[in-house]
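Student: I have a model open in my viewer and would like a close look at a single part of it. Could you pick one helix near the end of the chain as a starting point, and then lead me onward through the rest?

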Amino acid sequence: MTEDYLQQFKNEELNRRLLHRDNVPAIEEMLHEESQRLQHLQELERSGRLDFGPRIRRRDLKPILGEVKKEVDDFLGVGDVVPPRCSFYNSDIITSGRFLSPQISLTSVTSVLMNREPCYDFASKTIHPGRKRKYKKRSASIPLLAHEYAHHIQNVKGMVRRELNVFGEGHARGVQRHVSNVYAEREDNEAYLLDIVDKNCGELKGVYEWMCPKFGVTLRRSLLTTQTSGVDGIIFLLLYGEPSFHARGNAFFYMLERERGSQIYGEAVRGELLLN
């Protein structure tokens with residue numbers, strides 16, 4: 001990728017494009033829709049009507065990653081990507097450079113160091129699926145592996161830098177959303193949607209609470225009542241005065257996806273996406 005091409009994806013540039021008063025109605029619309037979807041999925045979960053699938057064991061990782069790789073490669077239109085390693089262990093994560101950014105919450109660091117949350121180690125090109133119980137079920141593992149594999153593609157394409165963190169997380173979240181939707185429809189199983197809809201809702205709430213005061217827009221409190229599992233939105237707003245890279249990237253790319261279509265994710269890593 002050329003420097004001129006990557007310039008448009010730098011954190012400050014995506015912040016500038018996202019932080020517009022005209023985007024507030026779009027964020028409100030997305031947040032309303034995702035909140036409705038999350039409430040529906042939470043009710044299914046409470047009543048035991050979601051099938052999270054079998055537990056993923058260590059021996060299952062390689063074939064499942066191969067399955068995910070093919071799905072993501074086809075979606076993004078890339079066919080020359082060497083597969084990453086995949087391991088439940090992440091003893092090399094501290095030296096990988098993943099935490100070079102100062103915008104990392106204590107809970108996030110602790111979760112990854114304990115290998116509870118999925119992550120991608122850029123130095124060793126290894127995906128670590130995470131040990132938290134919910135990530136060991138098929139319906140959660142496949143979309144999250146897609147997210148981390150998207151980071152691997154970004155890495156291979158030379159798009160992993162501190163100044164591109166918002167882009168990287170937003171792009172990976174879009175790939176995760178696509179794979180969640182594909183598997184939910186293919187297997188007629190809404191359990192694949194629970195994690196991504198929960199992430200969408202929580203991250204959009206963080207962006208919404210960040211944007212509105214800047215433009216003197218009154219928050220619609222009804223959009224903030226749906227319970228989500230994540231706390232990073234709150235922590236980042238308190239510590240840094242802005243949402244996480246994941247939240248800003250997700251909001252930006254989700255808006256762009258709704259405007260232009262999901263082909264933007266493939267165009268981005270093939271050097272074809274122009275924001276102007």
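Tutor: Gladly! Let's begin with helix α9, residues 232-240, where Leu238 is found. Bear in mind that this is a predicted model. Leu238 is exposed, with a relative accessible area of 71%. Together with Leu239 and Tyr240, Leu238 makes a nonpolar surface patch of about 330 Å².

For a contrast, turn to Ser35 in helix α3, which covers residues 24-46. Ser35 has 5% relative accessibility and therefore counts as buried, since the cut-off for that class is under 20%. Leaving aside residues up to four places away in sequence, Ser35 touches Cys201, Leu223 and Thr226.

Helix α3 also carries Glu33, which forms a salt bridge with Arg258; their closest N and O atoms are 2.9 Å apart. Because Arg258 belongs to helix α10 (residues 245-260) while Glu33 lies in α3, this pair ties together parts that are 225 residues apart in sequence. Glu33 is partly exposed at 32% relative accessible area, and Arg258 is partly exposed too, at 37%.

The structure holds 20 salt bridges, so here are a few others to select in your viewer. Arg17 and Glu13 meet through their side chains at 3.0 Å, N to O. They are four residues apart in helix α2 (residues 11-18), which means about one helical turn separates them. Both Arg17 and Glu13 are buried. Asp80 forms a salt bridge with Lys157, with 3.8 Å between the closest N and O atoms. That pair links distant parts of the chain, 77 residues apart: Asp80 is in the loop between α4 and β1, and Lys157 is in the loop between α6 and α7. Asp80 is exposed, with a relative accessible area of 55%, whereas Lys157 is partly exposed at 22%. There is also a network of salt bridges linking Glu3, Arg161 and Glu163.

Now for the sheet. Three strands form an open sheet with mixed pairing, in the order β1-β3-β2. β1 (85-86) and β2 (119-121) stand at the edges with a single partner strand each, so one side of each has no neighbour in the sheet. β2 and β3 (residues 126-128) run antiparallel and are joined by three bridges. One bridge partner to look up is Thr126 in β3, which pairs with Asp121. Finally, helix α6 (residues 138-156) lies across β1, β2 and β3, and runs at about 25° to β2.

Conventions. Residues are numbered from 1 along each chain as its sequence is written. This is a predicted model: local features need pLDDT of at least 70, side-chain atom pairs count only at pLDDT 80 or more; totals for chains, interfaces and linings use all residues. Side-chain values use heavy atoms; hydrogens and water are left out. Patches are made of residues with over 30% relative accessible area and no salt bridge: like charges are joined within 9 Å, nonpolar side chains (Val, Leu, Ile, Met, Phe, Trp, Tyr) within 5 Å. Accessible areas come from the Shrake-Rupley method with a 1.4 Å probe; for residues, only the protein chains shown count as cover. A salt bridge is a side-chain nitrogen of Lys or Arg within 4 Å of a carboxyl oxygen of Asp or Glu. Helices (H or I, at least four residues) and strands (E, at least two) are DSSP runs, numbered from the N terminus. Buried means under 20% relative accessible area, exposed over 50%, partly exposed in between (1.4 Å probe, protein chains only). Two strands pair if DSSP finds at least two bridges between them. Contact means heavy atoms within 4.5 Å. Axes are lines fitted to C-alpha atoms, for helices over the stretch in contact, and angles run from 0 to 180 degrees between N-to-C directions.
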